[in-house]
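Me: I should like to learn how to read the features of a protein model. May we take them one at a time, with the general idea before the case?

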Amino acid sequence: MTVYEALKICGGVIETLEKAGVKPSDHKYLRMFEDYAEARNRGEKVCYTVAILAERYGVSERTVYDVVRRLGSVCKSVSA
């Protein structure tokens, strides 16, 4: 399969996600966001949680904050 073929198959879904304000590449951060939510539900402090996740996932603390903000936000309304 070529990149063109993959985009041809999934292009509509990606376009809808982008219209809803979703960054399609954020799929790789789903587990990190789940770990963040679990830690916060246990009462862990934000700074501690962010530092641990940054180290665990090999990203900067700024990236963790950005991902948490993006994945925790409400999607834009998308009309068909």
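Me: Which residues does arginine 70 touch, not counting residues up to four places away in sequence?

Reply: Please note beforehand that this model is predicted. To read contacts, one sets aside the neighbours in sequence and lists what remains. Arginine 70 touches Lys23, Asp26 and Tyr29 by this reading. Arginine 70 itself is found in helix H4.

Me: With which residue does arginine 70 form a salt bridge?

Reply: For a salt bridge, one looks at the closest N and O atoms of the two partners. Here arginine 70 pairs with aspartate 26, and the closest N and O atoms are 2.7 Å apart. The pair links distant parts of the chain, since arginine 70 lies in helix H4 and aspartate 26 in the loop between H1 and H2, 44 residues apart.

Me: Are arginine 70 and aspartate 26 buried or exposed?

Reply: The reading rests on relative accessibility, where buried means under 20% and exposed means over 50%. Aspartate 26 has 4% relative accessibility and therefore counts as buried. Arginine 70, at 24%, counts as partly exposed.

Me: How many angstroms separate the C-alpha atoms of arginine 70 and glutamate 5?

Reply: Separation along the chain and separation in space are two distinct readings. These two residues are 65 residues apart along the chain, and their C-alpha atoms are separated by 29 Å.

Me: How many salt bridges are there in total?

Reply: The count comes to eight salt bridges. One of them joins glutamate 34 to arginine 31, with the closest N and O atoms 3.1 Å apart. Both residues lie in helix H2, three residues apart, which is about one turn of the helix. Glutamate 34 has a relative accessible area of 39% and so is partly exposed.

Me: With which residue does glutamate 38 form a salt bridge?

Reply: A residue may take part in more than one pair, and the pairs should then be read together. Glutamate 38 forms a salt bridge with arginine 31, the closest N and O atoms being 3.8 Å apart. Salt bridges that share partners join Arg31, Glu34, Asp35, Glu38 and Arg56 into one network. As for accessibility, arginine 31 is partly exposed at 43%, and glutamate 38 is partly exposed at 36%.

Me: Which residues make up the largest nonpolar core?

Reply: To read a core, one lists its members and then asks which elements supply them. The largest nonpolar core has nine residues: Tyr29, Met32, Tyr36, Val50, Leu53, Ala54, Val64, Val67 and Val68. Helices H2 (30-41), H3 and H4 (61-71) are the elements that give two or more residues to this core. Valine 68, for its part, touches Phe33 and Tyr36, when residues up to four places away in sequence are not counted.

Me: Why does threonine 49 count as buried?

Reply: Threonine 49 counts as buried because its relative accessibility is 3%, and buried means under 20%. Its place is in helix H3 (residues 46-57). The side chain of threonine 49 reaches the backbone oxygen of lysine 45 at 2.9 Å. Beyond its neighbours within four places in sequence, threonine 49 is in contact with Tyr36, Ala39, Arg40 and Glu44.

Me: Where does helix H1 bend?

Reply: A bend is read from the direction of the helix axis on either side of a residue. Helix H1 (residues 3-19) bends by about 60° at cysteine 10. After H1 comes glycine 21, which has a positive phi, near 85°.

Note on methods. Residues numbered from 1 in each chain as written. Predicted model: local features only at pLDDT ≥ 70, side-chain atom pairs only at ≥ 80, totals over all residues. Heavy atoms only, no water. Bend = angle between axes of the 7 residues up to and from the residue. Helix = DSSP H or I, 4+ residues; strand = E, 2+ residues; numbered from the N terminus. Buried < 20%, exposed > 50% of the residue type's maximum accessible area, 1.4 Å probe, protein only. Polar contact = N/O pair within 3.5 Å; in protein donor to acceptor, adjacent residues only side chain to side chain. Contact = heavy atoms within 4.5 Å. Core = buried A, V, L, I, M, F, W, Y, C linked by side-chain atoms within 4.5 Å. Salt bridge = Lys/Arg side-chain N within 4 Å of Asp/Glu carboxyl O.
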